[in-house]
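Here are some friendly notes to read alongside the model. They go point by point, so feel free to keep the viewer open as you read.

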Amino acid sequence: MSSKIKILSEDLIAQIAAGEVVERPASVVKELMENSIDAGATSIVVDIKAGGMDSIRVMDDGCGMSKEDALLATERYATSKVQNEEDLYAIQTLGFRGEALPSIASVSKMRLITRDNASQVGTEVSRETGTEVRVSDAGSPVGTSVEVKKLFYNTPVRRRFLKSVGTEFFHIHRIVDQMALSKPDIQFRLIHDGREVLNVPKTDELSIRIEAILGRETYEGLIPVEFQDESISLRGYIGRPTLTVSTARSIFTYVNGRFVRDRTVNRSIFDAYRALIPRDRYPIAILFMDISPHRIDVNVHPTKREIRFRDQERVYRSIHLALQSKLKAVPGDERISRAVETYWQEKGGSGGIGEVTGKYGRKEGEGVERSFVFPEFSQEDQPGGFYSSLLPLAQIGGTYIVCQGPKGMVLIDQHAAHERILFEKLRRQLENATIVRQVLLFPLTVEVSHAEEHILGAYKDQLDELGMEIEAFGGNTFVVKSVPQVVAVEDIGSLLKDIMGELASEGRAFEGKAITERILSTMACHGAIRANRMLRDEEMQALLHDLNQIDFASTCPHGRPIFSEIDYSQLEKMFKRR
Ligand code: ADP
Ligand code: MG
């Protein structure tokens, strides 16, 4: 009788094992970047085509490999990082299982080019399938470049499970963000279909890196935390309770430099925020925990995303304590929704200036380290931009800022300027998948017409993504629960009207980028300083400073000019000096 049990072929074994490590293009990016970091790179470039489905290339300037190592690297269970069992319980590197390269090679066409310091010439290793290898000399700087093409070409089922280019790239972007947050001392570049999507220079300051990745708005709402006891040392930043998001995606937790998702850790974070933020909202946290490698086990899952703590309760308590003591120190008014902090009312103004006064003119409660006293040009501000060369002198008509510029006089339309600043801010937040919102302490009810009721019902989810949470309240009444932070609260009713107007005119085309941008620009318009609103000196300076930081700073989102220049030669003509 012939036997039913057969030993699987090498290729098939490799493919099955690969399934655990390589789930989607983002997993490849993660493994390759981890190798680059382990190799001591100071610069990592991730070059992606079609969401990683066409190609993924990760280049680094790390230590590289000799010819012998380059060949071994793609063999299963070949690693330079662990030698004996003891090492396994004292892991200092991100990789250690020696599985990534062979796994990736078994489900793609992989090419590796590398050179180490000791070699005159580089090595190229290409693996067409898991077993077939070609090796040759190749010109290469010191470092490694791994290119992965046709991912899952031989595992059609896996390939079919891949989502759209956009979704796959989103996952890749998140991986790069996760790594970049944890390694400020490494430069990261991310390129998608030839377009540079991210380029963060190396820095000594975690805060600078956080601002570069999560955006200024988020960064400004963060509080630093630091904590140490005998079992854990913890540092990082957590969001003020007023800064919440709709998913847990803004929780970045790391253990010994490795991004991990852990239930105990998350639970302690959420518990610390309980009663400070609405039930359906999530806080923001970037936390780095250092725990003795002997107290954790990272060898739980092939993707190394999960870890096991020897003493979970202790980890829970330490994090909770660290966060709570910080959150307690946030003054009472910070704990209340921003909705009631109408900055400009405090200042006795009348118009809807939200952000400019809020950021630079507002008094902070004692004990808060938020220091946005103007002017404060930090290093990463873009120096030398057009707006940085202007000296604001006065405001006329409550509407135009008069500046002295290098070539003459420059007039700035304050509303158009602020509108563009807010629009760019919103757009950036949307790219990071977190429109920063203010949750209304007293949800606002609005009555709408029958047609509008239909529109709001249909686009509820999309509006939520744009920071506007709306709920049907029965009949033609809706409740607005949150709006983007840039929007002035008393303006919500008219904002909603305008948005419904936009939606009605676009019909069903909401998915399009164009309509999203139109809605963002409507929001920016409603958040921006109005004409006929007096500005203080600091506010004018703040506006110029912000203009200098953004792209597209010559027109408002509706295309109107932000500034107009009258140079000296025109002035001379005016006064018949020439
Ligand atoms: P692991 O990272 O678990 O050791 P991998 O399959 O990811 O396993 O890599 C195998 C080995 O190849 C590593 O241990 C390392 O020695 C070498 N290697 C991989 N990528 C790089 C790189 N970018 N630079 C230098 N060496 C590398
Ligand atoms: Mg590895």
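Is Ala 50 buried or exposed?

1. Ala 50 and its loop. Please keep in mind throughout that this is a predicted model. Ala 50 counts as buried, because its relative accessibility is 16% and the cut-off for buried is under 20%. You will find Ala 50 in the loop that joins strand 1 (43–49) and strand 2 (55–60). Its backbone deserves a look too: Ala 50 is not a glycine, yet its phi is positive, at about 50°. For background, most residues other than glycine have a negative phi.

2. Asp 193, another loop residue. Asp 193 also has a positive phi of about 50°, although it is not a glycine. This residue sits in the loop between strand 7 (187–192) and strand 8 (195–200). With a relative accessibility of 47%, Asp 193 counts as partly exposed.

3. Helix 7 on its own. How many residues of helix 7 are buried? The count is 13 of 18, so the helix is largely enclosed by the rest of the structure. Helix 7 covers residues 165–182, and its end C-alpha atoms lie 26 Å apart. That agrees with the expected span of 26 Å at 1.5 Å a residue.

4. Helix 7 with helix 2. Helix 2 (residues 25–38) packs against helix 7 at an angle of about 25°, and their axes are 8 Å apart. The two helices are therefore roughly parallel. On the helix 2 side, the contact involves Pro 25, Ala 26, Val 29, Lys 30, Met 33, Glu 34 and Ile 37. Helix 7 answers with Glu 168, His 171, Ile 172, Ile 175, Val 176 and Met 179. The crossing of this pair is right-handed.

5. Helix 7 with helix 8. What angle do helix 7 and helix 8 make where they pack? It is about 165°, with the axes 9 Å apart; helix 8 spans residues 206–214. This makes helix 7 roughly antiparallel to helix 8. Here, too, the crossing is right-handed. Asp 177, Ala 180 and Leu 181 are the helix 7 residues that meet Leu 206, Arg 209, Ile 210 and Ile 213 of helix 8.

6. Helix 15 with helix 20. Helix 15 (residues 414–431) and helix 20 (residues 537–549) pack at about 45°, and their axes are 10 Å apart. That angle makes helix 15 oblique to helix 20. Their crossing is left-handed. From helix 15, Gln 414, Ala 417, His 418 and Ile 421 meet Leu 543, Asp 546 and Leu 547 from helix 20.

7. Ala 322. Which residues does Ala 322 touch, leaving aside those up to four places away in sequence? They are Val 225, Phe 227 and Leu 234. Ala 322 belongs to helix 11 (residues 312–329) and is buried, with a relative accessible area of 3%. Its C-alpha atom is 9.7 Å from that of Ile 269, although the two residues are 53 apart along the chain.

8. Cysteines. How many disulfides does the structure hold? The number is zero. As a reminder, a disulfide is a covalent bond between the sulfur atoms of two cysteines. If you are thinking about individual cysteines, Cys 403 is buried at 1% relative accessible area, whereas Cys 63 is partly exposed at 46%.

Definitions and conventions
Residues are numbered from 1 along each chain as its sequence is written. Chains are lettered from A and ligands numbered from 1 in the order in which they are written. This is a predicted model: local features need pLDDT of at least 70, side-chain atom pairs count only at pLDDT 80 or more; totals for chains, interfaces and linings use all residues. Side-chain values use heavy atoms; hydrogens and water are left out. A disulfide is a pair of cysteine sulfur atoms within 2.5 Å. Buried means under 20% relative accessible area, exposed over 50%, partly exposed in between (1.4 Å probe, protein chains only). Helices (H or I, at least four residues) and strands (E, at least two) are DSSP runs, numbered from the N terminus. The expected span of a helix is 1.5 Å times one less than its number of residues. Axes are lines fitted to C-alpha atoms, for helices over the stretch in contact, and angles run from 0 to 180 degrees between N-to-C directions. Angles under 35 degrees count as roughly parallel, over 145 as roughly antiparallel, 65 to 115 as roughly perpendicular and the rest as oblique. A crossing is left-handed if the near helix is turned anticlockwise from the far one by less than a right angle, and right-handed if clockwise. Contact means heavy atoms within 4.5 Å.
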